[in-house]
Structure formats: C-alpha cells, structure tokens
Amino acid sequence: MAATPQKPAAATPRRKVSRHRGEGQWAAGHFTPLNGNEQFKKDDDGLNVRTRIETIYSKRGFDSIDPNDLRGRMRWWGLYTQRKPGIDGGKTAILEPEELDDKYFMLRVRIDGGRLTTQQLRVIGEISQEFARGTADITDRQNVQYHWIRIEDVPEIWNRLEAVGLSTTEACGDTPRVVIGSPVAGIAEDEIIDGSSAIDEIHSRYIGSKEFSNLPRKFKTAISGSPLLDVAHEINDIAFVGVNHPEHGPGFDLWVGGGLSTNPKIGVRLGAWVPLDEVPDVWAGVIGIFRDYGYRRLRTRARLKFLVADWGAEKFRQVLQDEYLGRELVDGPAPAQPLQRWRDHVGVHRQNDGRFYVGFAPRVGRVDGTTLTKIAELAEAHGSGRVRTTVEQKMIILDVEEAQVDSLVESLEALDLTARPSSFRRGTMACTGIEYCKLAIVETKARGSQLIDELERRIPDFDEPLTININGCPNACARIQVADIGLKGQLVVNDRGEQVEGYQVHLGGALGLEAGFGRKVRGLKVTSDELPDYVERVLKRFQEEREDGERFATWAARASEEALS
C-alpha cells in the first residue's frame, strides 16, 4: 500500500531583523539624535537661550518665542509655560502642548543647600508681589517657584535675583538641578560633617558650565552630613551621606541611581567613602558617566537610575574609578539608622553654638510674597538674618537667642506658620497640581490644605509621625511612593457613575535605611470628596491594630486589604 503523500511543511516566516541603534550613549559613538529633545539640544545649547530672552522675546512678547525654546531650552533658565486656566484633567493627555500653554510662566529660583539670607528672601518676596501675583511656593527640593510670570519681566527678575546672589540657572532642563543640602549644615549639634563647602564648589565650578549642560535627562544631587538623613538621599541621582569612617574620620557615603516617577528606584551604595574635599571631583565623575553613558534613545529610560540598574554598583564604581577619577576610592561604612522619625527640623532645636533654630510648617509649601517678606523681618528681629528651606516644604530661622524663642514662635503662629504643627500639618506635602501644571490631572494644594483641617478636627489626638504626599499626576514630584500615605492623582468613577477627580492610594512607603515603596491595594481608588473619610478610616484602624511602637508603614505592610480599604 502506497504511503499517503505528505504536504510540504509550511515555511516558517522569517522574522524581520532590525538593527538596534543602541541606547544613544555618546561613549558608544551614538551621537545621532534619537528624539526631538536630543535634536534641539544638539542644534543649540540650552544655556544660549538667555540671550534670545533678553534681546528678542522679552521685547517682542510671548508670540515671538521659537517652539523649541518655549518648550525646551527655556527650562535651562528655570522657565516652564504654565497651564491655561479652565482646562480639566481629562484633557491633559489629549490636547496638544500649544493648547495647554498659557502665555505665562512658572519660574523656579534655585536655592542650593536651602540657604538664604534675609536680604535674599526679601527680594524673593518683592519679586513675587510685583511680578508673580503674590505666588511663591516652597518646593520639596528647597527651591521657590513663581507663577504668572510674563516673558517681558524675566530680564528684570534675573537682574534683581542675581544682584543678591541668586539665580534660575539650570533650575530645570536636562541639567544638574539644585544641589540640596542639610538645612542645618554647620549649626546642628549632632552633625557628622558640614557639606556646605562642597555644595559651593560644585555650584561655582559646574552650574552654568557647558561641560554638563547637555545631559540625557535631569540630574539631582543631595549632600548632607546630618545623622537624620534629611535630604531624601535614597531618591537622588547622586547623594553624599555623612558617615564616620573608623580610620579616616568624618566623610560621605556615596549613593547613585535613585529616582521616582513612573519607574521608582531606590539609590544604591557604591560602598565608597569620600572625604569632603574630594566630593566635587567625585560628583563630576558621576555626572560625567551620566553624560557619556546615559541612555539618550528613549526619554522614558534616560535617567541615571536605568544605567545603574543595568550595570550594577560594582561596574559603576569601576568605571568611575578607571575612566573618570584615575584612582581607587576608599571603602567605607553605611550610614547609621536615624534615631528620630521626623527629619524635617520642625520645632525648636539647640544649635552647636548654644543658640537655637526654629523650624516651621507652611501649609503644603504654599506661601506668598507678603508672607516671605514678613518671615525675613522676623528672622532679622529674632536671629542673625539667616533662613533655610527644607526638602519637606518647610522653613527654618537660624541663630535665635533663647530669650527670643517664645516671641518668634508666637509671631510665626500669627502668620499661620506654626512651629508646633499637628502630625497632619507637619507631614502633608503636595505638588503644584492642576492649578498651574500642564501634566496634572487633579487639584493638590487646596486639597491637601483641606485634608489637614479635616484630619485635625476628626482625629485631634493623633500624634504619630505620618507623611501624606499628594501628587497631581504619575510623575511623583511629591514623592508619593515613599510616603506613609501616597496619593497619585487620576480620574476615577464615583458611585453615581460620574468621572471625577480622585487618587490611587499607595500605603506604607518610607525613606531612611528601611526605604521602600508603598503598597497598592488592588482596585483601591478614592474620589477627592471621599478622601478625608478614607484617610480617617485607615488611621483609626492603624490606631486600633498597631503593636506597641509600630510605625504606620510597618502596619500597612502587614495589614489586610480589608483594613486598608
């Protein structure tokens, strides 16, 4: 019997092989721009736009601004267009940039180390009143942000800021952003080492220099010698954390590759101890790696954290030593666990010279020009004329004599700037939100302030350290993933089937040596109107179920989904 003929096997379709263009790393020879941002940076350095602002745009007005300058290079000088009023959150991702743009700007003043004189603070307040409709928000990176800025006024604002030693240089853009530092550097009784000189050296050598003015994305730096770990070092691109080396004495532990947004990563230790005088060179080495090896193909993978994740700490340290420093780094210890839960320096604290500093809490970082001017007056009347901003949207007045402390605290209370805040007032932060930000979906500042009032009324006895961070979009400017209660703005459906403003909830995030990201309960979203009820319910369950001395983050990690809903 003849065998049944078999059909020939179908040919396996050949997979189209495309040549990988690499990740856009300059060190690998990938200099061809791979996206629009890389193209406009190649066409003209962002620092050069200042001349056009001063000579053309400020004289001819908003409509004369080149689009690549408007939505690109002007960030190198701290300028973003703000959101046009009346556009709801549902249209944020739908409208074109020019439809979202108002003809006004947010302008960010960089305050490296959070250090201000009262003269500088007074000028910031006066600019707010004269040019920014009174706006002046304190950010969680120690800066001040104005809104309602006209392009015609920018040169005069720069003149006034620079006359007192301030600037907006590289406050935004693909640049080395503000160098944050301990707001009590040089004065705290328990300080391990004062990093102020390193901050000054980095600023004088590199900020505004074209050596690092074209990075793959922004680059965030933190330097602190405080044992409180008070600069959120875990979520910066580079951080120098004060430690005592058993042989070499005080110095810094080196961390790289932290960051949040939609792909959060905790920074990693390189295991290296850096003495104070070597911090600027090591900083330049790390940012040099980022400039040369950073990924420029996709904006979503262009932060340093992705390179660090791919390379690992060992390779990163080896490249830093071999190619950028030309020497080995000294191995060193990790920082010790902080003894205090609050790291914001709020309250009355003794300085190393016997005087006191007083930290106080504005509501979610929102102040105004008039208030800043009054703070400057209080600092001059009660202190030596030195003021600080913190990474928790708080402020500090330094050098207060003991006899002046009570008077200062009372004067601050009169301005609604309490040095004795509730846990809710102390621990709530909020980003700019839909009021001004083109990326935002929901309101944040007013919502945060209302939430504070409601929680103080409903749970007046709650005195545990607690952070509530409110963000208007997924980008995590307010650090939602590392808050006890992190609220990510989005549109949700209420019980009537209507699409309204609301939040995805993250619970139990933390910074410190037990740093970690908050837990998301499956399907848990709350509307803005439901928010006070939800937070009250969760906090009361925490009070009922917590073990002795247990932190909210620890409880949230073990609690049932029912308890967190």
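This passage looks at salt bridges in a predicted model and at where a few of them sit along the chain.

The structure contains 51 salt bridges. A good place to start is the pair formed by R327 and E278, whose side chains meet with a distance of 3.1 Å from N to O. These two residues come from distant parts of the chain, 49 residues apart. R327 belongs to the loop between α10 (313-325) and β11 (330-331), while E278 belongs to the loop between β10 (268-274) and α8 (279-293). R327 has a relative accessibility of 30%, so this residue counts as partly exposed. E278 is partly exposed too, with a relative accessible area of 26%.

A second salt bridge joins the side chains of R426 and D344, at 2.8 Å from N to O. Here R426 lies in helix α13 (residues 423-427) and D344 in the loop between β11 and β12 (347-350), so the bridge ties together parts that are 82 residues apart in sequence. Both R426 and D344 are buried.

The third example connects two helices. E536 forms a salt bridge with R458, and their closest N and O atoms are 2.8 Å apart. E536 sits in helix α15 (residues 531-545) and R458 in helix α14 (residues 445-458), so to speak two distant parts of the chain, with their positions 78 residues apart in the numbering. E536 counts as buried because its relative accessibility is 16%, and buried means under 20%. This pair also has company: E454, R457, R458, D533, E536 and K540 are joined into one network by salt bridges that share partners.

Definitions and conventions. Residues numbered from 1 in each chain as written. Predicted model: local features only at pLDDT ≥ 70, side-chain atom pairs only at ≥ 80, totals over all residues. Heavy atoms only, no water. Salt bridge = Lys/Arg side-chain N within 4 Å of Asp/Glu carboxyl O. Helix = DSSP H or I, 4+ residues; strand = E, 2+ residues; numbered from the N terminus. Buried < 20%, exposed > 50% of the residue type's maximum accessible area, 1.4 Å probe, protein only.
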